[in-house]
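Here is a short briefing to read alongside the model. Have the viewer open, and let's start with one residue and work outwards.

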Amino acid sequence: MYTQSLSSGGNFMQEQDLLKSILADLRRTSREYTTATTEASCPMTRRMFTDLTNDTLRLQGELFNLMQQNNMYSVSSKALRQDVDKQIQSAHQTQQKCQQFIQEKNSQNSSYSQAPNVPQHQPNYGNPYYM
């Protein structure tokens, strides 16, 4: 199958096409890790997905910079500063509303809080048996 995919020059793909594919895959992977982070109820699992998200974003940024420096990726036009400021302000307001909501719910439920009746999940990452 591999030999069928070879181009006439003996390369599997042009370098730029291969890097664009990897860049897109890193973008997709970071979205999926972010979703997994937000869905994780176990603190250790959430931490693991947070670390994986950060590592993937770092790799994606490094690859993007490399491609941009080698004229393999062009960026879109620059955003207006006022539009960026408006989006930042909106995000801060949403964050404050979320924090206020969480504090209200935590204070309402504190008298009904109970200890979990099942043991906390132990992560299996880092275990060489599963690697």
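In this predicted model, a good place to begin is L63, which touches L19, I22, L23 and L26 once residues up to four places away in sequence are set aside. From there we can look at the core, then the surface, then the chain as a whole.

**The core around L63**
- L63 belongs to the largest nonpolar core, a set of seven residues that also takes in L19, L23, L26, F64, M67 and M72.
- Helix 2 and helix 3 (43-69) are the elements that give two or more residues to this core.
- As general background, nonpolar side chains in soluble globular proteins tend to be buried together.

**A nonpolar patch on the surface**
- I22, one of the residues that L63 touches, helps make a nonpolar surface patch of about 320 Å² together with F12, M13 and L18.
- F12 sits in the loop between helix 1 (2-5) and helix 2 (15-39).
- F12 counts as partly exposed because its relative accessibility is 40%, a value between the 20% and 50% cut-offs.

**The whole chain**
- The protein has four helices and zero strands, giving the pattern α-α-α-α along the sequence.
- Of the 131 residues in the protein, 15% are buried.
- Among contacts with a separation of 6 or more, 59% join residues 24 or more positions apart.
- The accessible surface comes to about 11300 Å², and carbon and sulfur atoms account for 51% of that area.

Terms used. Residues numbered from 1 in each chain as written. Predicted model: local features only at pLDDT ≥ 70, side-chain atom pairs only at ≥ 80, totals over all residues. Heavy atoms only, no water. Patch = residues over 30% accessible without salt bridge, like charges linked within 9 Å, V, L, I, M, F, W, Y side chains within 5 Å. Areas by Shrake-Rupley, 256 points an atom, 1.4 Å probe, with all protein chains shown as cover. Salt bridge = Lys/Arg side-chain N within 4 Å of Asp/Glu carboxyl O. Buried < 20%, exposed > 50% of the residue type's maximum accessible area, 1.4 Å probe, protein only. Core = buried A, V, L, I, M, F, W, Y, C linked by side-chain atoms within 4.5 Å. Contact = heavy atoms within 4.5 Å.
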